[in-house]
Amino acid sequence: MLAEVDLWTDLAGISLKNPVLLASGTAGYGVELSGLMDLSRLGGIVIKSVTIEPCTGNPEPRIWETTGGMLNSIGLENIGVDALADEVLPLISDFGVPVFASIAGDTVRNFARLAARLESAGGLAGLEVNVSCPNVEKGGIQFGSDAGATAAVVTAVRENCGLPMFVKLSAAVTDIARIAEAAARAGAAGLSLINTIPGMAIDPVSRRPRLGMVTGGLSGPAIKPVALKSVWECYKATSLPIIGGGGICDENDVIEFLLAGAAAVSVGTATFQDPDSAIKILDELPAAILRAGSNSVIRLVGSLRTS
Ligand SMILES: Cc1cc2nc3c(=O)[nH]c(=O)nc-3n(C[C@H](O)[C@H](O)[C@H](O)COP(=O)(O)O)c2cc1C
C-alpha cells in the first residue's frame with residue numbers, strides 16, 4: 001500500500017485533481033475518446049486547435065514515424081469555431097474534467113474573435129493560444145517567433161475574453177524565455193510548452209519528401225530534452241504556471257517536467273501508441289512521486305536541484 005500522495009495541482013486558479021492532461025491535436029475534441037477511456041480520471045483535456053472557418057488541413061501523407069518520434073503536417077484540420085461552439089462544447093461537461101480549447105488565428109483580430117466566440121459558448125476552463133503551429137502558411141509560428149507579435153495576440157485575446165489563457169510556444173526560436181516574458185507582460189495566465197519542432201524526412205529511393213507538405217512538426221521522445229529545457233528557462237524567467245509537454249511517455253517523464261517547473265503536463269504522441277497511455281501514467285505517478293522523495297505534485301514543481 002502506497003503512502004498518501006497528493007496529485008492536486010493548480011493552473012492560474014484552475015484546480016486540477018491531477019497534473020495529466022491530453023495534448024491538443026492528439027485527443028480530437030475529447031468526444032472521440034470518451035467511449036475508449038475514462039476521461040474523468042484525467043487532470044484535463046486540451047482539444048484540437050480551432051480556426052474561424054472549418055479547415056481540411058494539408059495534403060497527405062501527413063504522418064511519418066521517425067527515430068524516437070513522429071513528424072506530422074496535419075495543418076490544423078478542424079470543424080471551425082461555430083461547429084465547435086454549437087455542437088461540441090455543449091457535450092464537454094459530460095467529461096467531468098476541465099476542458100481547454102485551443103485557438104489558432106491567422107490574424108491578431110481572428111485570435112480575438114475565436115476567444116470571444118468560445119467564451120460566450122461557455123463550458124470551458126480556459127484557452128490555449130496556439131502561436132506555434134509549424135504546419136500552416138499563415139499565422140502559426142510566425143506569431144510565436146516574435147515577442148511583439150506574441151504580445152499583440154495575447155493583448156487582443158485578453159481584451160476580448162475573460163477566460164484564463166495559456167500561450168503555447170515553440171522551442172524553434174532563438175530565446176523562448178524572452179517570448180514567454182512578453183506573453184506574461186501582455187497578460188497571459190500561463191504557458192504551454194512546447195509545440196512540435198519543425199522537421200522533415202526524405203525517401204532516399206524516390207527522392208521525395210515523406211510528407212505531402214514536405215516539412216512537418218516533430219513530436220515524441222526525440223523532443224523531450226528540448227521541451228524540458230524550454231520549461232526550465234521559462235519557469236526561471238516568468239512566474240507563470242506552465243503546462244509542460246513534449247515526448248512524455250511514462251511517469252518518470254512527468255516527474256522530470258514537474259522538476260523543471262511545469263505545474264501540469266500534456267501527453268500527446270504517446271497516445272498514438274497506446275490510447276490509454278495517459279491513464280497508465282496516472283496510475284504509476286504516485287509511486288514515482290514517492291521515489292522522488294515527495295508526497296505532492298505541487299511541492300515538486302520547479303524543485304530541480306542545481307547545486
Ligand atoms: C498529430 C498531431 C496533431 C497536433 N495538433 C496540434 C494542434 O492542433 N494544436 C496544438 O497546439 N498542438 C498540436 N500538436 C502538438 C501537441 O499538442 C504537442 O504539443 C506536441 O506533439 C508535443 O508533445 P508530444 O511529444 O507529447 O506529442 C499536435 C501534435 C500531433 C502529433
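**Helix packing and buried residues in the predicted model**

Glycine 220 is located in the loop that connects β12 (215-219) to α6. The structure described here is a predicted model. Because 23 C-beta neighbours lie inside 10 Å of glycine 220, this residue counts as buried. Beyond its neighbours within four places in sequence, glycine 220 makes contacts with Gly68, Gly69, Met70, Gly247 and Thr269. Leucine 42, separated from glycine 220 by 178 residues in sequence, lies 20 Å from it in space, C-alpha to C-alpha.

The helix that follows this loop, α6 (residues 224-237), packs against helix α7 (residues 251-260). Two packed helices are described by the angle between their axes and the distance between the axes. For α6 and α7, the axes approach within 8 Å and cross at roughly 25°; the two helices are therefore roughly parallel to each other. On the α6 side the contact comprises Lys224, Leu228, Val231, Trp232 and Tyr235, and on the α7 side Asp253, Glu256, Phe257 and Ala260. Classified by residue type, this contact of α6 with α7 contains six nonpolar and three charged residues, with no polar ones.

A second helix pair is formed by α4 (residues 147-160) and α5 (residues 176-185), whose axes are 8 Å apart and inclined at an angle of about 30°. That angle makes α4 roughly parallel to α5. The crossing of α4 past α5 is right-handed. Helix α4 contributes Ala147, Thr150, Ala151 and Val154 to the contact, while α5 contributes Arg178, Ile179, Ala182, Ala183 and Arg185. The residues in this contact of α4 with α5 comprise six nonpolar, one polar and two charged.

Within α5, the buried residues are Ile176, Ile179, Ala180, Ala182, Ala183 and Ala184. The elements covering these buried residues include α3 (141-144), α4, β9 (165-169), β10 (190-193) and α6. Just after α5, glycine 187 adopts a positive phi of about 110°.

Alanine 183 links the α4–α5 contact to the nonpolar interior. With neighbours within four places in sequence set aside, alanine 183 is in contact with Thr150, Ala151, Val154, Val167, Ala188 and Leu191. In soluble globular proteins, nonpolar side chains tend to be buried together. The largest nonpolar core of the model holds 104 residues, of which Val129, Ala183, Leu191, Val231 and Ala262 touch the most other members. One of these, Val231, also takes part in the contact of α6 with α7.

Terms used:
Residues numbered from 1 in each chain as written. Predicted model: local features only at pLDDT ≥ 70, side-chain atom pairs only at ≥ 80, totals over all residues. Axes fitted to C-alpha atoms, helices over the stretch in contact; angles between N-to-C directions. Helix = DSSP H or I, 4+ residues; strand = E, 2+ residues; numbered from the N terminus. Parallel < 35°, antiparallel > 145°, perpendicular 65-115°, else oblique. Left-handed = near helix turned anticlockwise from the far one by under 90°. Contact = placed C-beta atoms within 7 Å. Nonpolar A, V, L, I, M, F, W, Y, C, P; charged D, E, K, R; others polar. Core = buried A, V, L, I, M, F, W, Y, C linked by C-beta atoms within 7 Å. Buried ≥ 20, exposed ≤ 12 C-beta atoms within 10 Å, placed from the backbone.
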